[in-house]
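Subject: The structure you asked about

Hi there,

Here is the structure for you to look through at the bench. Have a look at it first, and then read on for what turned up.

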Amino acid sequence: MAIRLPRIIQAKQILRRSSKDVLKGYFAVYVGESEKKRFVVPISYLNQPAFQELLSQAEEEFGFDHPMGGLTIPCREDKFIDVTSCLS
């Protein structure tokens with residue numbers, strides 16, 4: 001029985017590529033204090049006061065020039081999940 005490595009490699013490349021894509025109506029944020037985890041959230045969260053508070057914290061910490069290049073929110077992951085679960 002032969003294992004076809006090219007198919008496995010292709011599948012990994014497809015998954016990696018699709019995980020980077022963000023659907024229309026959503027945006028990606030990086031959350032965490034030391035190690036950052038990527039979350040994809042609805043754009044509608046931008047209008048929510050609780051989410052805007054998280055964005056204000058990010059602005060205070062990083063300003064508008066962050067080396068990671070993406071929107072990064074400097075809070076604990078569990079706090080972010082608590083805030084966003086109330087918005088859903």
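Let me begin with a question: is Glu77 buried, partly exposed or exposed? With a relative accessibility of 29%, Glu77 falls in the partly exposed class, because that class runs from 20% to 50%. Please keep in mind throughout that this is a predicted model.

**The salt bridges**

Glu77 has a partner: it forms a salt bridge with Lys37, and the closest N and O atoms are 3.5 Å apart. Since Glu77 belongs to helix α3 and Lys37 to strand β2, this pair ties together parts of the chain that lie 40 residues apart in sequence. Lys37 is itself partly exposed, at 41% relative accessible area.

The search of the whole structure gives 2 salt bridges. Arg76 and Asp78 also meet through their side chains in a salt bridge, at 3.1 Å from N to O. Arg76 is partly exposed at 47%, and Asp78 is partly exposed at 41%.

**The overall layout**

Stepping back, the chain has 3 helices and 3 strands. If you follow the sequence, they come in the pattern α-β-β-α-β-α. The chain has 88 residues, of which 20% count as buried. It exposes about 6,900 Å², with 54% of that supplied by carbon and sulfur atoms. Looking at contacts between residues at least 6 apart in sequence, 46% of them join residues at least 24 apart.

**The sheet**

The 3 strands make an open sheet in the order β2-β1-β3, with mixed pairing. Its edge strands are β2 and β3 (72-73), each of which pairs on one side only.

Strand β1 covers residues 26-31 and strand β2 covers residues 37-42; the two pair in the antiparallel sense over 6 bridges. Across this pairing, Ala28 stands opposite Val40 in β2, and Tyr30 stands opposite Arg38 in β2. Together β1 and β2 form a hairpin with 5 residues between them. In the turn you will find Gly32, which has a positive phi of about 145°.

**A nonpolar patch on the surface**

Which residues make the nonpolar surface patch of about 360 Å²? They are Val22, Leu23, Tyr26 and Val40. Val40 is the residue that stands across from Ala28 in the hairpin. Leu23 sits in the loop between α1 (5-20) and β1. Leu23 counts as exposed because its relative accessible area is 65%, which is over the 50% cut-off.

**Cysteines and helix α3**

You may want to know how many disulfides there are. The count comes to 0. Cys75 is buried, at 3% relative accessibility, whereas Cys86 is exposed, at 66%.

Helix α3 spans residues 77-87 and includes Thr84. Thr84 counts as buried because its 11% relative accessibility is under the 20% cut-off. Leaving aside residues up to four places away in sequence, Thr84 touches Tyr45 and Phe51.

If you open the model in a viewer, the pair of Glu77 and Lys37 is a good place to start, with helix α3 and strand β2 tied together there. From Lys37 you can then follow β2 along its pairing with β1, and go on to Val40 and the nonpolar patch.

Happy to talk any of this through.

Best wishes

Conventions. Residues are numbered from 1 along each chain as its sequence is written. This is a predicted model: local features need pLDDT of at least 70, side-chain atom pairs count only at pLDDT 80 or more; totals for chains, interfaces and linings use all residues. Side-chain values use heavy atoms; hydrogens and water are left out. Two strands pair if DSSP finds at least two bridges between them. Helices (H or I, at least four residues) and strands (E, at least two) are DSSP runs, numbered from the N terminus. A disulfide is a pair of cysteine sulfur atoms within 2.5 Å. Buried means under 20% relative accessible area, exposed over 50%, partly exposed in between (1.4 Å probe, protein chains only). Patches are made of residues with over 30% relative accessible area and no salt bridge: like charges are joined within 9 Å, nonpolar side chains (Val, Leu, Ile, Met, Phe, Trp, Tyr) within 5 Å. Accessible areas come from the Shrake-Rupley method with a 1.4 Å probe; for residues, only the protein chains shown count as cover. A salt bridge is a side-chain nitrogen of Lys or Arg within 4 Å of a carboxyl oxygen of Asp or Glu. Contact means heavy atoms within 4.5 Å.
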